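Dear colleague,

I am passing on the structure we spoke about, and I would be grateful if you could look through it alongside the notes that follow.

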Amino acid sequence: MRKFKTESKKLLDLMINSIYTNKEIFLRELISNASDAVDKLNFKSLTDQSLDVKQEDLAIRVSFDKDARTITVSDNGIGMTAEELERNLGTIAHSGSEEFKEANAQSQGDAVDIIGQFGVGFYSAFMVAKNVRVVSRAYGEDAAHVWESDGMEGYTIEDGERAEHGTDVILTLRDNEPARPTQPGEPAEPGENYDRYLTEWELKELIRRYSNYVRYPIQMMVTKSRQKPKPEDAGDDYKPEYEDYQELETINSMTPIWKKRASEVEQKDYDEFYKSTFHDFEAPARTISFHAEGTLEYDALLFIPGRAPFDLYSKDYEKGLALYSSNVMIMEKCADLLPDYYNFVRGIVDSADVSLNISRETLQHDRQLHAIARRIEKRITTELGAMRDDDREAYEKFFENFGRGLKYGIYSSYGMKADELADLLLFWSAKEQKMVTLSEYAAAMPEGQKAIYYAAGDDRDRLSKMPVVTGVLARGYDVLLCTQDVDEFTFQAMREYVAKDMPKLYEDEAAREAAAKAVADGAEPETEDRHLELKNVASGDLDLATEDEKKEAEEASKEHADLFEAMKNALGDKVEKVAVSSRLVGEQSAPACISTEGPLSLEMEKVLKRGPEADTEDLPSTQRVLELNAKHPVFAKLVAAQEAGDTEKLGLYAGLLYDQALLVEGILPEDPVAFARNVCELM
């Protein structure tokens, strides 16, 4: 027996037990090695016209023997001499494929696509096998040679027989492992079941999962059923009989759909591929197929689902694109290829340029991977923008399914992703009565509007009737009605929206007239990027009042300062202050409303109270302001009570107005029973 070179047993044990985490990939590795062997012969035949190699005959075959507990992977590739068996299999981590790639780097082009890089994939066979036997005959040689090892200390190389060039890798599987005991009182963990690899179904499934797009046919003898011929003397009551038979079948599809030009594939083919690959019964809303060339080459086929997966917002949901290298699946879900806000995207990326680690199960975190991820992100953003502009109905359906994630992307990045994502957002316009983008909102603003106004709540109809909303609408400004819990957090992270190519605002009339004359003479209208603050209509000072209204409010505040102080004393810590409102317009508007000071709004407070930290003492609370409509008849009642010195009635009025304003905001009074009693008392 010959000893393994390098640190024999220690290194081999590392190969078998530490590098790979998933035992079933042994078949992927052996098929990849077989594909490399066929590729080498194919390449050699292209550079040496004297070789008699027919492309259509090149193939890989997988078979199993349940009784002997063996799996065999065969190819009719270039094969190996005894010296090559010694060098490639006797020296752990020596890669004949890598050596071949380096030797032919200048001439191989697209004619050959060697998969192997590290020379350790072969040893993954020992994860499932107690003995591995390799029978190989090099092309042009008369003799075959046999390499055999139990994966322990060493190996043997002897003369053997093989009818033609190529290699057979024969695995004798390990015995099934017994159940492993765990903690006392807990059920035992099941042991490894190696018998599962000795079934036709399992081997076909592994081939299709990992090696479906290897460029050469992967063939297996499969069992099929057919009806026996009806006997001539059979009577009328004859029941058909069936028999099983064996047939050689190509298991893999070979040509990946993502390698084809988009012009060569019909949408129905993409739809069928998506539904069968990603187990969705609904066709995708958008298909994105592209090929990148240059310093980094890869193919990408991406899909925007037509509906949201049921577990999209659960902690168990896994994002990621399937990553292939030279048509061999490396990772089923590579999370690094997608940002969290595009976690709904499904698809495949195939690149031979990505640096893999030696197990091919995980990636080196290098610039190639990050470069691909950045390009994919930009492409998705571009396609979503095109979908928004070209097919608004489909985009609105998409946004209904996945818009929350886009908003959360802005919030979770503290507004850093606002430039990329803000124009993809949709909100309900109270004025237009439809979904609009921030850009469309800005384009429809009246001259002089300096902010985007929004209201946050849990119901669109209720929001549209709120006094703080109707007051802004009455002044001619639109209000975005936001009904998702993440909306206001998103706007606070953004702080502002930069509206592109807005009509230029001029500082004086002379400049405006000069610009109008220039346009009349054929010049292009001047535009500018305008920074618009995002303002909650229920928070802070909106600065919408006219100069006359501001003057009236200031006079009312001074005249009735004692009234406001008395109402503040009656309400206590419930409010920061009581003041005249500039939001409520005219006597037909509401008598009072609640606004807030500071960054926390009433809606944000409600969201936080529904969260996991609702019971903590550190939960922030809003700084509430009770705003009174000085033109409403109720205000005269308050003034009369104050002038009459009826502090009890004034306190009753203050409590009722406060609780009523809370109800309008969708918040129950602290004491509903007292509220009902006070209403009855006034009646």
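**Strand β4 and its partners**

Strand β4 is joined to strand β7 (residues 166-173) by eight bridges, and the two strands run antiparallel. Please keep in mind, as you read on, that this is a predicted model. Within the pairing of β4 with β7, V135 has D168 as its bridge partner. β4 also pairs with strand β5 (residues 144-149), again in the antiparallel sense, and here five bridges are found. In that pairing the residue of β5 that stands opposite V135 is V146, so V135 has a partner in β7, namely D168, as well as one in β5, namely V146. β4 and β5 together form a hairpin with six residues between them, and in the turn G140 has a positive phi of about 90°. Because seven of the nine residues of β4 (residues 129-137) are buried, the strand is largely enclosed by the rest of the structure.

**Two buried polar residues**

Q219 belongs to strand β8 (residues 218-227), and with a relative accessible area of 17% it counts as buried, since the cut-off for that term is under 20%. Which residues does Q219 contact, leaving aside its neighbours within four places in sequence? They are A59, I60, R61 and V62, together with L248, E249 and T250. As for R61, it lies 158 residues from Q219 along the chain, yet the C-alpha atoms of the two are separated by 4.6 Å.

E383, for its part, is found in helix α7 (residues 367-390), and at a relative accessible area of 16% it is likewise buried. If residues up to four places away in sequence are not counted, E383 touches R286 and I288.

**Cysteines**

You may wish to know how many disulfides the structure holds. The number is zero. A disulfide is a covalent bond between the sulfur atoms of two cysteines, and the criterion applied here is a pair of cysteine sulfur atoms within 2.5 Å. In the case of C593, the closest cysteine sulfur is that of C482, and because the two sulfurs are 18 Å apart they are too far from each other for a bond. Is C593 buried or exposed? Its relative accessibility is 3%, so C593 counts as buried, whereas C680, at 55% relative accessibility, counts as exposed.

With kind regards

Definitions and conventions
Residues are numbered from 1 along each chain as its sequence is written. This is a predicted model: local features need pLDDT of at least 70, side-chain atom pairs count only at pLDDT 80 or more; totals for chains, interfaces and linings use all residues. Side-chain values use heavy atoms; hydrogens and water are left out. Buried means under 20% relative accessible area, exposed over 50%, partly exposed in between (1.4 Å probe, protein chains only). Helices (H or I, at least four residues) and strands (E, at least two) are DSSP runs, numbered from the N terminus. Contact means heavy atoms within 4.5 Å. Two strands pair if DSSP finds at least two bridges between them.
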